[in-house]
Amino acid sequence: GSATAMAVGYVKVNWDLSGELALGIFSAMDAGSLFLMHFTDNIWACYAGYLAFKACYMLLITIATFQIAVNLSMERYALMFGFNNFVALVIQTVLTVVVVDSRGLGLDISTQFLIYGSYFAFIAGIFLIRSTYTIISIKCK
């Protein structure tokens, strides 16, 4: 994961044009990894899916953080990223209580992979639709 995050700094890409496309692609890869872990009983395939998920997720977070940081002034970094971490922690806690905890749905592990894979697939769809719109509107100008 850290190797893929470091690689972002060395890749020459117009992030304004293809940043959302990259977020969509890596979200789709995360969804695919989670769906693989749901639909297989092979432990080695699950390990491979986990490694792919973790690497793509770290890259996804790095790209998203970069996309946010580009539009901020230096004085707002701490406030924005502190707020982002707080909101992410709240969402993660609510999702964990709803999906995992016995007071919530109490789903088994395989079903959790399906739920989280569906979540990443939905997010990928949003990013891919938005990036397609952005690319088409820029090319048509």
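Here is a short tour of this structure, one selection at a time.

**Stop 1: the whole chain.** Keep in mind that you're looking at a predicted model. Select everything and switch to a cartoon view. You'll find five helices and zero strands, so to speak an α-α-α-α-α pattern when you read along the sequence. Now turn the model around: along its principal axes, the C-alpha trace spans about 50 × 30 × 30 Å.

**Stop 2: the surface.** Switch on the surface and colour it by element. The protein exposes about 9500 Å², and carbon and sulfur atoms supply 71% of that area. How much of the protein is buried? Of its 141 residues, 23% are.

**Stop 3: the charges.** Pick out the charged side chains next. There are 7 positive and 7 negative ones, and the centres of these two sets sit 12 Å apart.

**Stop 4: two helices together.** Select residues 43-70, which is helix α3, and then residues 77-99, which is helix α4. At what angle do α3 and α4 pack? It's about 140°, and their axes are 11 Å apart. The crossing where α3 passes α4 is right-handed.

**Stop 5: where they touch.** Zoom in and show side chains. On the α3 side, select Thr65, Ile68 and Ala69. They meet Tyr77, Met80, Phe81 and Asn84 in α4.

**Last stop: contacts across the chain.** Zoom back out and show contacts for the whole protein. Among those with a separation of 6 or more, 65% are between residues 24 or more positions apart.

Conventions: Residues numbered from 1 in each chain as written. Predicted model: local features only at pLDDT ≥ 70, side-chain atom pairs only at ≥ 80, totals over all residues. Heavy atoms only, no water. Helix = DSSP H or I, 4+ residues; strand = E, 2+ residues; numbered from the N terminus. Buried < 20%, exposed > 50% of the residue type's maximum accessible area, 1.4 Å probe, protein only. Contact = heavy atoms within 4.5 Å. Areas by Shrake-Rupley, 256 points an atom, 1.4 Å probe, with all protein chains shown as cover. Lys, Arg positive; Asp, Glu negative; His and termini not counted. Charge placed at Lys NZ, Arg CZ, Asp CG, Glu CD. Axes fitted to C-alpha atoms, helices over the stretch in contact; angles between N-to-C directions. Left-handed = near helix turned anticlockwise from the far one by under 90°.
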